[in-house]
Amino acid sequence: MQLEEVRKILDADGVDRTITRITHEILEKNKGTEDLVLVGIESGGAILVERLHSKIQAIEGVAVQKGTLDITLYRDDIDEIQNQPKMRGTRLEFDITGKKVILVDDVLYTGRTVRSALDAVIDFGRPKWVQLAVLVDRGHRELPIRADYVGKNIPTAQDEEVAVRLKEKDGLDEVCIMRRVG
Amino acid sequence: MRGEGGEAVMEEKRIKTEINWTRKDLLGLKDLSREEIELIIKTAESLKEVSTRSIKKVPTLRGRTVVNFFVEPSTRTRASFELAEKRLSADSLNFSGSSSSLVKGETLKDTAKNIEALQVDLIVIRHSSSGAPHRLAEYVKPGIVNAGDGINEHPTQALLDMFTMKEKKGKIEGLKVSFIGDILHSRVARSNIWGLTKLGAKVTVCGPKTLIPYDIESLGVHRTYNVEEAVKDADAINLLRIQLERQNEPFFPSLGEYAKGYGINAQMLKRAKKDVLIMHPGPVNRGVELTSEVADGPNSVILEQVTNGLAVRMAVLYLLSLVRK
């Protein structure tokens, strides 16, 4: 499948400002960092967790606990996908029971990834609550799921893709809309 | 989750470095490429975490059925597969040789066809005849996992051995691995030789002359009858059980004599590298292949092999389930 860029939604500064805003919103809504933990969905969400973590540390002077979730084992379509998911492993090295879990992903689309992630989180314990933070909400939900913190709402067509590029994996920060061609 | 935005773009990049699993069966390591073996080990590394949770279960294979068809006695391998199935939420069903219709004269093919008619997804087979899983794979649609066939292969055992070596030494490439004992009747050695040589390890086999196949060098391994040589530079020593059940004629005078010549005791261990791994596929005959002091000593990773076996079998069941029928 070939993709061509339609337009750029956020540049590096835009990505950074958006993450800063989400950090403040998380701290405001949860009244600080008490019992707050960040859980990123592999692999984009895991990178965003690192960014949120250092911003929280800069603002509040607190290093909150963080972990990553690989939802591969919770997918509902294991033999229907063209590109086999590659497992990265889950790292949740603390007890999440009673914690305020902020689940983090790069793009919210059908909601199926988040559904899988919620099942995975609950297998590890009983959090006080789970909130969802995403950099981009592109619509087209297939399940009744919504985000608590949204970096950017981007209306998209089904034949489009949202590319969230992050320095750690792509060498630069930007968000673009791509269209399938051919 | 069809193309979650950015994920789809990344997925494309990942493909170039990581291969897709395409096989319906795991019959042996002889057939696998280096990349396929590495994919199984990598998947097992991720799956090991599941067994450390308080709820040791994931829903991945919900609704799949796995038949454990063990025509030859087995305790640990069968228990390991059964637990792997449970941890992945598959339904499992056990057929054993002594209780199945095979003793009433049914052929392997008919038994297999009957299992297939139950609409199962995977069959894990252990059989005393080399090649039985390969025949089964030709007869029936479900995926076949070889859990040990005669003296041919025992791929999941070799995979868990390699997984353990990689976990402990950080890599397989360049490792010196020695196998001491009954090489002739050892499917564990054979699978390990296929796998380890593909991954770039240097393999040495050692044992009484009568228990080493005369053409073993053709598999790319070094042969020695001198235990000290096999022990001296090794990064891992895999001790193989003397398989009396497969020996119709005496290959050596007595177990005592064998232990004296080829058994590993504390004194012999002193000649080895300080951080050598002592491995054994089990069941251990204490005082024969190795002394209790060595089996329970700081170099022994025998029980870790058992733990890792679970992760490896979960990985194999998972990967075979990805392949669309």
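1. A word on angles before anything else: under 35 degrees counts as roughly parallel, over 145 as roughly antiparallel, 65 to 115 as roughly perpendicular and the rest as oblique. They run from 0 to 180 degrees between N-to-C directions, with axes fitted as lines to C-alpha atoms, for helices over the stretch in contact.

2. Keep in mind that this is a predicted model, where local features need pLDDT of at least 70, side-chain atom pairs count only at pLDDT 80 or more, and totals for chains, interfaces and linings use all residues. Residues are numbered from 1 along each chain as its sequence is written, while chains are lettered from A and ligands numbered from 1 in the order in which they are written.

3. Now the helix pair. In chain B, helix 2 (residues 34-47) packs against helix 12 (residues 302-321) at about 115°, the axes being 8 Å apart; the two helices of chain B are therefore roughly perpendicular. Helices here are DSSP runs of H or I, at least four residues, and strands are runs of E, at least two, numbered from the N terminus.

4. Who touches whom? Ile40(B), Thr43(B), Ala44(B) and Leu47(B) of helix 2 meet a set in helix 12 of chain B that includes Ala311(B), Met314(B) and Tyr318(B) (contact means C-beta atoms, placed from the backbone, within 7 Å). By class, this contact has 10 nonpolar residues, 1 polar and no charged (Ala, Val, Leu, Ile, Met, Phe, Trp, Tyr, Cys and Pro are nonpolar, Asp, Glu, Lys and Arg charged, the others, Gly among them, polar).

5. On to the sheet: chain B has an open one of 4 strands, in the order 2-1-3-4 with parallel pairing (strands pair if DSSP finds at least two bridges between them). Strand 2 (91-96) and strand 4 (143-149) of chain B are at the edges with a single partner strand each, so one side of each has no neighbour in the sheet. From one strand to the next, the twist averages 15°.

6. Strand 3 (residues 122-127) of chain B is joined to strand 4 of chain B by 5 bridges, and Leu122(B) has Gly143(B) as its bridge partner in strand 4. Helix 3 (residues 76-87) of chain B packs on this sheet, touching strands 1, 2, 3 and 4 of chain B, and makes about 175° with the direction of strand 1 (65-70).

7. Finally, the domains. Chain B is assigned domain 1 (19-153 + 308-321) and domain 2 (155-301), with bounds from an automatic or database assignment. Their centres, over C-alpha atoms, are 25 Å apart. The contact takes 23 residues from domain 1 of chain B and 20 residues from domain 2 of chain B.

Methods:
Contact = placed C-beta atoms within 7 Å.
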